Structure formats: C-alpha cells, structure tokens
Amino acid sequence: MNILLLPILIPFIAGLLILTISSRARFIKELITLFATFTCVIISFSLFKKEAVFALPGIGFGIEFNLRLEHLSSFILSASTAISFLIALYCVSFLRSKPYAKQFYSYLLITLSFVSGAVLSDNLIFMLFFWEGLLLTLYGLIAIGSKDAYHTAIKAFVICAVTDLCMMLGIGLTGYLAGTLNISQISLDLSPLATTAFILLVIGAISKASSMPFHSWVPDAAVDAPLPFMAFLPAAIEKLLGIYFLSRICLDMFNLMPESSLSIMLMVIGGITIILAVMMALIQKDYKRLLSYHAISQVGYMILGIGTALPIGIVGGIFHMLNNAMYKCCLFLTGGSVEKQAGTTDLEKLGGLMRKMPITFGCFVIAAVSISGVPPFNGFFSKELIYDAALERGWAFYLVALLGSFFTAVSFLKLGHAAFLGKLRDEYRNVKESGWLMLAPMAVLALLCVIFGVFNAYPINNLIQPILGERAVGHSFSGFPTNFTLVLFTLIVLAAAIISHLIGVKATGSGVRAVNYIHYAPVLSKIYELAERKFFDPYEIGLKLLSALARILYAIDRLIDWVYEKLSINIVFGLSRQLRYWHNGDYTLYVAWSLGGMFLVIIFLMARG
Amino acid sequence: MLSFFITTPLIVLMILNLPFRSLMKRIVFVVGLSLALIQAVLVALAIFGFWDIYSIPVSPMLRFNIGVDNLSLLLLLCNGMVVFITMLVSRSFIEEGEKRFNFTSLLLLSFAGVNGIALARDIFSLYVFIEVVSISSFILICFNKDRDAFEGAFKYIILSAIATIFMLTSIALIFLVSGDMSFEAVRAALDNSAHTSLVLMAIGLFLCGFFIKAGVVPFHGWLADAYTSASAPVSVYLAGVSTKAVGVYALIRIVVTVFGFDTPINKVLLFAGALSVVVGAIATLTQTDFKRMLAYSSISQIGYIVLALGIATPLGIAAAAFHFFNHAVFKSLLFVNAATLEIATGTREMDKLGGLAQRMPVTGVTSALACLSIAGVPPLAGFWSKLLIIIALWSSAHYNYALIAALASLLTLGYMLLLQRKVFFGSVGDHLARIKEGEWNLIICAIILAAVTVGVGVLFPFNLCKLIIR
C-alpha cells in the first residue's frame with residue numbers, strides 16, 4: 001500500500017471502528033483515537049518536505065484518483081495531524097463525562113481523514129469529494145453539542161453547502177478552461193471566464209476559512225457545539241484547509257497579478273473581515289463567542305496577505321495561518337479549561353482565576369500576546385509581513401490592518417482582565433487547575449508560539465518560502481522586521497490599546513466593561529444592537545429573502561389552484577345552473593327554440609348555396 | 001327474407017291480439033323476449049360473417065324498397081338487444097296481465113318500426129316507420145298514466161309533430177325535384193339539380209326534423225322530460241334505441257345515402273353536434289335526478305355522434321356508427337341501473353342516495369363500468385369510439401372541434417364521477433341500511449350489457465373494425 005493512502009485510510013477506518021464499539025468502553029475509544037492520530041502524525045512528519053505521487057487508473061472524463069505530496073501539502077498535512085493529535089489528547093480529559101464522546105471521536109477522525117484527502121488530492125474532483133465530505137462531519141460535530149444545536153448545524157451546513165456549490169461550478173469551469181482537472185497541470189491566465197472560475201473557487205476557499213460574509217455560523221457554533229470542535233475545526237483545521245486552497249488558487253492554478261482588480265477584491269474582503277469581526281469580538285460577553293469572532297477576524301489578515309499577491313504578503317499570510325492555528329487553538333483550549341473547571345464561560349461571572357489556574361493563565365497570556373502581535377511572539381512577525389505588503393498596496397489597507405490590531409489587543413486585554421484578573425467570586429473558591437492531559441496540549445501550543453516567534457527564521461525559510469518557488473528568490477523575510485517605522489507604529493498601537501483599557505477600567509471599574517465607551521458610542525450602539533439581533537447576518541437575510549420568495553410562489557400556487565378549483569368550477573357550474581334555469585319545462589319555449597334553430601339552419605344553408 | 005324482420009313482429013302482434021287473449025297474456029312475455037333475442041343472435045351471427053351482408057335485395061312487397069348494409073345491421077343488433085333488455089326490465093315494473101300484454105304489444109309494434117327504419121330504402125317508407133315508432137313511443141311514455149308522464153309525452157308529441165311537418169314538407173319538395181322516392185333516385189336527382197334553393201331548403205327542413213327527433217341542441221327541449229317521466233323500462237327503450245333510430249340513425253342514413261356530404265351541411269352538423277356535446281355536458285352537472293342527469297348526458301353523447309357524422313370522412317362515419325352502438329349499450333346499462341335503484345330505494349334523487357356500492361355490488365360495479373366507458377376510459381368500448389371521433393376530427397383539420405370534443409370528454413368524466421360518487425361511493429346512510437341488490441332479471445341485464453361494453457372494448461382492435469369500416 002502506498003504511504004500516501006495511510007493518512008486518509010487510518011483515521012477513516014479508526015473512525016468507523018469507534019462507531020461500532022459500545023459507548024461504555026470509553027478507554028478503548030480514547031486509545032484508538034490517540035493511536036490513529038499519533039500514527040498519522042508520525043507518517044506525516046516522516047513525509048515532511050518530501051515529494052511523492054500516487055495514481056490509480058482514472059474513471060474517464062479526466063477524473064483520476066491522483067494523490068500528490070509536495071511542499072505545501074506536506075506542511076499542511078503535518079500541521080493538521082499534529083493539531084488533531086493535540087485536540088485528541090485534550091479531549092481524553094475534557095470529554096470524559098460527556099455523552100457524545102463516542103460520536104465526537106469518530107467524527108474527529110473522519111474529519112482528519114477527509115482533510116488529509118483534500119490536501120493530498122491532485123485531482124479537483126476528488127478534492128471536492130473530500131471537501132464535501134467535511135460537511136457531514138461538520139454537521140455532526142455541531143449537532144451533538146446540545147439538544148438545540150442542530151439549528152446551528154443546519155446553518156453551518158447550508159452556508160457551506162451553498163459555497164461548495166459555487167466551488168463545484170468553479171471546478172467545472174476551471175476543468176473546461178484548462179482541459180485538465182489535475183491541480184498540478186492547471187495554469188490559467190485571468191481571462192473573463194477564468195475570472196469567473198477564480199471567483200467561484202475563492203468563494204469556496206474563503207468560506208471554508210469562515211471569512212466574511214460566510215462566517216455567521218461560527219459564533220453560534222461557539223455557544224452550541226462542543227468546545228474541542230471550535231478549537232479543532234474553525235480555529236485551526238478549516239483555516240489551514242481554506243487558506244491552503246486559496247494559496248493553491250492564487251499561486252498555482254491562476255496567475256494572480258498584484259495590480260489586478262481580483263487582488264483588490266481579495267484585499268477588500270480581508271480588510272472588511274478584519275475590522276467588522278474584531279468590532280464584534282470587542283463587545284462579546286462570552287469567552288467562547290469572543291474567541292470565535294477573533295477566529296473570523298484573523299482570516300482577514302491571511303486573505304489580505306495573500307490578496308496582495310506580493311511575495312512578502314503571501315509569506316505573511318501563510319505564516320499567519322500557521323501561527324493562527326497555534327494560538328487560536330490554544331486560546332480555545334484555555335476557554336475549554338475554564339469552562340470545564342468553572343462551569344461557565346460568561347465573562348460577567350468569571351474573574352480572578354489567575355491564582356487558581358496559573359498554567360492555563362500562562363498559556364492564555366502567551367497566546368493572547370501572540371494574537372495581539374506583541375514582539376517577539378509569532379503573531380508579531382506574520383503581522384509585520386502583512387503590514388508591509390498592505391502598505392505597499394495602499395495605506396488604507398495598512399490602516400485597517402493596524403486598526404484591527406488595536407481592537408484585537410483591546411479585546412484580549414478585556415478578556416484576560418475579566419476572566420483571570422479582578423475579584424474571584426465566592427462560588428469559584430474551589431476551582432482547581434485542569435489535569436495534565438488538558439494542560440499539555442495548551443502548553444505545547446503556547447511553547448510553539450514562542451518558538452515560532454523567536455526562531456521565526458526556520459519556519460519562514462524552510463517551510464514557507466519554498467512554496468513561492470522562484471517568486472521569492474532573492475528576498476529574505478525572516479528575522480526582525482527591517483522597517484522600523486512599521487514596528488514603531490505597531491508598538492504605538494499596542495500602547496494605545498493598553499491606555500484605552502486602563503481608561504475603560506477606570507471609568508467603569510470592571511474589566512468586562514472596559515470597552516463600554518466603544519460599545520455605547522452614539523452611532524455604534526445602534527449598529528451593535530442590530531448586529532446582535534443578527535440583522536446583518538447574510539444567512540438570516542438569505543432566509544428572509546427565501547421566505548419572501550416562498551410566500552410569492554405560494555401565492556402564485558394558490559392563484560393557480562384557485563383558477564382550477566374555484567374559478568373554472570364556478571364558471572362551469574354557473575353555466576350549468578343557468579342552463580337549468582332556461583329549461584323551465586315550458587313546451588312553448590322548446591317549440592320556439594326548435595323553430596329558431598330551423599330558421600338558422602335553413603338560412604345558413606341557403607345563404608351558402 | 002329481409003322483410004321477415006318487419007313482417008314477423010307485425011304478424012305476431014296480430015296473432016296475439018286475436019281471441020284467446022287469456023292464453024296469449026301468459027305467453028306474450030316469452031314471445032316478445034324470444035323474438036328480440038332471435039333477432040339479436042341472427043344479426044350478431046351476421047356480423048361474424050354468417051350472412052352475405054353486401055347483397056341488397058329489393059322486394060316488391062308492400063311496394064317498400066328494403067335493403068341491408070352494415071349500418072342497418074348495427075341498428076338491427078341494437079334493436080334486438082335493447083328490446084330484449086327492455087322486456088326483462090319490464091318484468092319488474094309492469095304487472096302481469098292486461099298491462100304487460102298491452103306493453104308488450106306496443107313494444108313489438110315499435111320493434112317492427114325500428115326494423116323498418118333499418119331496412120327502408122326509400123324516403124317515404126322511412127318516414128312511415130319513424131311515425132310508427134314515434135306513436136308507439138308516445139303511448140309507452142305515458143303508459144303509467146301519471147301526470148308527469150302525460151306532460152313528458154305531450155311535449156314529445158308537440159315537438160314530434162313539428163318534426164313531422166318539417167319532414168313531410170321536405171319530402172314533398174324532394175318529390176317535386178326528383179319524382180321518385182327511392183334513395184338512389186333521389187340521390188341522382190339531387191346530384192343533377194344540386195344547390196337550388198328549393199333543394200337546400202328541403203335538406204334543411206329534413207335535418208331539423210331529425211334534430212328534433214334525436215334531441216340535438218337547440219331542438220332537445222322534450223328529451224329530458226320524456227326520458228325522466230317515462231317508467232323505467234320505457235326509459236331504457238327510449239334512450240337505447242327508439243330516439244336513436246328515429247333521429248340519429250335516420251339522420252346518418254339520409255345524409256350518407258341520400259344527400260351526400262356538402263360543406264354547408266357538414267358545418268351545420270359539426271356546429272350542432274359540438275353545441276349539443278357542450279350544452280348537454282354542462283347541463284348535466286347540476287341535475288339532481290338520476291334519470292334526468294342521464295337524459296342530458298344522452299344529449300351530449302348524441303352530439304358526439306352528430307359531430308362525428310359532420311366530419312364526412314369514412315373514418316368519421318365509422319366513428320359515428322361505433323359511438324351509436326356504444327351509446328346504445330352503456331346508456332341502456334345506466335338506465336337499467338337507474339331502474340334497479342328506483343325499485344330498491346324508491347327515489348331517484350341523488351342527494352338522498354350514497355354508499356350503495358356496498359349494498360348493491362353488481363349495480364355499483366356495472367354502473368362504474370358504464371360511467372368509465374361513457375367517459376372514454378381505456379380499454380372500455382367508449383374509449384375507442386371517442387378516440388376515433390377525435391382522431392377523425394384532427395385528421396380532417398377540424399382542430400377546434402377536436403379540442404372541444406376532448407375537453408367535453410373531461411366534463412363527461414367529471415359528471416359521471418359526480419354521479420358515481422353521489423350514488424354509489426361514500427358511506428351508507430341509515431335510511432338505506434336495508435337496501436338489497438335488485439331482482440335477477442335486472443342483474444342479468446346489467447351483467448349482459450356490462451359484458452358487451454367491456455368485451456367490445458377489449459376485442460375492438462380485432463373484430464369491430466370489420467363491421468364498421470364501410
């Protein structure tokens with residue numbers, strides 16, 4: 001058996017196996033999950049930076065089962081298997097008492113299998129097959145969360161299914177234009193038709209990364225779905241997959257030029273996603289929901305970076321994707337830790353957990369400063385690269401990115417203050433630190449944040465730069481940024497964030513309300529209110545439009561029914577009643593009819609004659 | 001030999017009316033029944049090739065020209081069959097003794113008259129036989145001597161009288177032109193002097209006379225009252241053969257054999273036919289009386305026959321003849337069912353009935369078969385004749401009429417299902433809980449007719465083409 005098949009088959013078989021095991025045999029399931037994910041980690045690391053091809057005979061129409069491992073895919077594969085293993089480890093403790101543990105493990109493994117398949121497939125049709133397969137587990141993972149979670153699950157399913165349909169069309173168009181469905185052989189210039197294909201494929205990719213406007217299920221899932229799901233899919237794996245495919249589209253399949261309107265389109269999407277999502281994150285009062293908006297916001301940076309189509313921006317975008325997977329996953333895991341120990345994630349109730357959960361707090365701080373872009377943590381370096389590229393393409397993009405950074409920092413100051421500092425409530429007196437099984441993945445991720453920050457040269461030079469191939473020759477992106485003006489601005493913004501937080505705390509006397517002056521600003525408060533009521537949610541708007549359309553169609557349907565059931569029947573029966581009325585039994589009338597008829601017949605005949 | 005068809009019933013009638021009436025009263029039922037049966041069997045055998053049907057012998061007897069062709073055979077068959085059925089039905093309605101004797105005598109007279117219509121080969125004898133049938137029909141209608149029956153018969157007499165005037169005038173005019181009465185001579189004379197206004201007027205008058213006798217809209221006023229007020233066996237006879245013979249058959253015979261087809265004539269026939277189809281079908285929908293509903297349905301079905309005749313192609317005439325036969329079968333069947341219902345429940349108001357299929361399985365099933373046949377549902381006989389009509393209309397480029405025929409066929413299905421649902425489907429009301437199936441003679445009638453309509457439908461592609469295509 002080819003080694004490329006193993007990362008697909010092992011988790012899939014293990015996932016199916018778990019479904020067959022009795023839900024009481026918890027230990028066996030955990031063991032299978034850990035074993036399968038760990039095997040995948042070993043396989044993918046052994047494949048790391050290698051190139052390999054595996055092909056089965058095709059079934060015609062250019063649909064061939066081709067697997068191809070090269071630099072970018074081996075790198076994404078390693079990252080996703082590693083994160084899966086860490087999440088699995090975390091789940092052993094976190095899911096101990098949960099009734100849905102069995103399904104969760106199974107879906108997690110099947111998801112991993114599909115992700116590996118999607119990353120390794122060289123044929124667009126098979127990639128689409130695995131990509132669509134993820135919808136099933138996405139639905140399953142959300143729906144098991146609670147009794148009413150299926151609402152959110154359906155929302156996620158519908159949004160992803162619609163965008164996947166776009167992608168399907170895009171794949172068809174691309175295959176038609178390129179004459180092949182093998183990703184490695186496609187290279188298209190952006191003609192009008194190819195532009196359509198490009199846009200359709202981009203919709204599929206950024207929706208998988210839950211960028212705006214395809215994001216609205218993520219905050220809902222944060223509340224409804226099991227927490228490890230959030231750390232696993234929206235925070236890490238989906239970003240990896242979506243951005244992986246986006247960079248495939250932009251770098252390999254199409255030749256995206258820095259000055260093209262498509263590049264600007266991507267940058268605008270990125271900018272809007274950054275700023276709107278972080279504004280929403282700012283006012284959240286729930287640990288998980290706040291993080292979920294950041295998960296959306298960070299995608300904006302990646303899209304902005306790749307959308308610049310400049311080597312430095314692409315490197316920044318992909319590096320940010322990697323960094324985001326670490327710190328965002330870590331942040332969600334700290335959230336899970338708090339939820340498990342304290343029993344709530346409501347920021348109004350939490351506070352002062354620093355003493356009780358020092359390691360969780362430590363991990364949180366490292367991840368939070370990473371995401372805020374504080375040197376020398378990893379987020380800082382990737383953001384600086386993106387800033388650089390954005391400034392080159394236009395000061396407005398840079399400003400938006402910088403503003404996003406400011407709000408990110410403010411909201412994490414608020415989150416940290418509200419959850420870990422401040423006064424400890426009485427009911428949380430007995431809260432203890434989580435077990436080592438939960439702490440270990442967090443600690444590993446936090447450590448990676450530091451390592452990837454301090455020793456950023458290794459990942460950038462060895463992992464990311466080769467992806468760009470000849471485009472990046474002669475550039476150096478690693479090390480401390482050379483443009484000190486940008487660093488200075490970043491530091492100023494971070495300082496401003498701290499000052500803003502301090503002012504906010506002083507004004508309201510509480511960490512959680514530190515951003516109230518933004519939340520309740522004259523115009524913003526109205527907008528926030530509407531946004532919280534899902535007024536801007538594209539899904540809700542789509543539902544409203546659809547229900548309006550359905551009402552119109554229903555009315556048309558009623559009209560047709562009415563024509564058949566009422567109008568025609570009434571006409572016929574009305575005529576019938578009229579005829580009955582005329583047949584009054586008077587024979588003179590009948591004689592008159594007959595004579596009249598005779599005259600008509602004879603006149604007609606004689607006139608014709 | 002053909003003249004036996006006319007003379008035998010007449011002679012039998014005379015013998016029956018000789019002295020020994022007490023003896024005759026006992027055998028009259030059997031005699032009538034067997035006469036009709038023999039005729040039906042003989043003709044049925046003829047259809048299957050027993051007779052040389054293409055010979056047209058001319059007998060000098062009574063100076064009538066008589067002859068037979070396929071169309072005549074069809075009427076002879078219908079006559080035998082329907083009179084047989086009528087005799088059987090009358091057993092339940094007309095009490096034994098003087099009444100049944102009189103009834104059978106009249107029926108035999110009418111029977112002879114219809115045979116005469118079938119065989120007549122000159123215009124005047126055709127007219128005489130029509131009058132024979134009509135007059136015996138008047139008496140039959142008011143046989144029960146109740147008020148409604150007299151009213152129905154009276155309307156029929158008045159309108160028949162008008163028809164008679166039309167026909168006699170027309171015959172006189174034609175005699176003026178041709179100087180002879182036989183079909184061939186008149187045909188030849190009309191061909192030579194075609195389209196003079198005198199001839200056209202004669203033709204118009206003759207057509208209107210037949211329209212009245214057949215009950216084509218707007219000449220149909222008498223029909224519903226006469227059918228409804230007559231007693232049950234008379235209704236069967238009127239609907240099955242009497243008015244069909246004096247009106248429809250005579251119309252087909254005269255148009256095909258004597259007048260020949262001409263565009264204005266065709267247009268009149270098509271228009272009158274289509275009008276009858278639509279008006280009859282629509283008027284049916286709001287009727288509450290079972291028999292009146294059937295009467296209006298008859299108007300609609302007669303419309304189909306006239307419509308088919310107006311197409312003036314061989315296929316159209318064949319379709320008309322076939323529908324003529326089918327209508328005799330299924331309309332008789334429905335009137336037999338109406339008779340059964342009337343005896344069992346004492347009412348014909350459909351709103352008071354319901355769910356009777358459970359109590360009267362044979363009546364329910366045969367009625368359903370007749371309804372489906374009349375509505376043109378395959379593979380029953382009615383489907384094939386309607387199909388032929390619509391195909392003939394379409395192939396001769398009468399698209400509007402084809403559309404009307406097809407849509408009216410929907411209406412037909414509608415009102416027939418309405419009837420079936422109101423009377424036979426649903427749940428049985430309390431007042432109907434003790435209803436039982438009708439007597440054996442009614443059951444036999446229903447089964448025979450249902451078997452014919454199903455059998456003809458199933459066997460149509462194999463056998464009946466031979467009979468109908470001239």
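Let me start with a term: a residue counts as buried here if 20 or more other C-beta atoms lie within 10 Å of its own. Keep that in mind, everyone, while we look at this predicted model.

Chain B comes first. Of its 470 residues, 59% count as buried. Its secondary structure is helical, with 19 helices and 0 strands. What about the reach of its contacts? Taking the contacts in chain B between residues at least 6 apart in sequence, 81% join residues at least 24 apart.

Now over to chain A, and to one helix I'd like you to find on the screen: H8, residues 217–224. Is H8(A) largely enclosed or not? Of its 8 residues, 7 are buried, so the rest of the structure largely encloses this helix. Those buried residues are Trp217(A), Val218(A), Pro219(A), Asp220(A), Ala221(A), Ala222(A) and Asp224(A). And which helices do they pack against? In chain A, the partners are H5 (124–143), H6 (149–178), H9 (227–253) and H11 (287–307).

Last stop, the place where the two chains meet. Here 25 residues of chain A are in contact with 29 residues of chain B. On the chain A side, helix H21 (538–582) and helix H22 (587–608) each supply at least two of the touching residues. The largest share, 15 residues, comes from H22(A). As for chemistry, the chain A side divides into 15 nonpolar, 7 polar and 3 charged residues.

That's my tour, thanks for listening, and I'm happy to go back to any of these views.

Key
Residues numbered from 1 in each chain as written. Chains lettered and ligands numbered in written order. Predicted model: local features only at pLDDT ≥ 70, side-chain atom pairs only at ≥ 80, totals over all residues. Contact = placed C-beta atoms within 7 Å. Helix = DSSP H or I, 4+ residues; strand = E, 2+ residues; numbered from the N terminus. Nonpolar A, V, L, I, M, F, W, Y, C, P; charged D, E, K, R; others polar. Buried ≥ 20, exposed ≤ 12 C-beta atoms within 10 Å, placed from the backbone.
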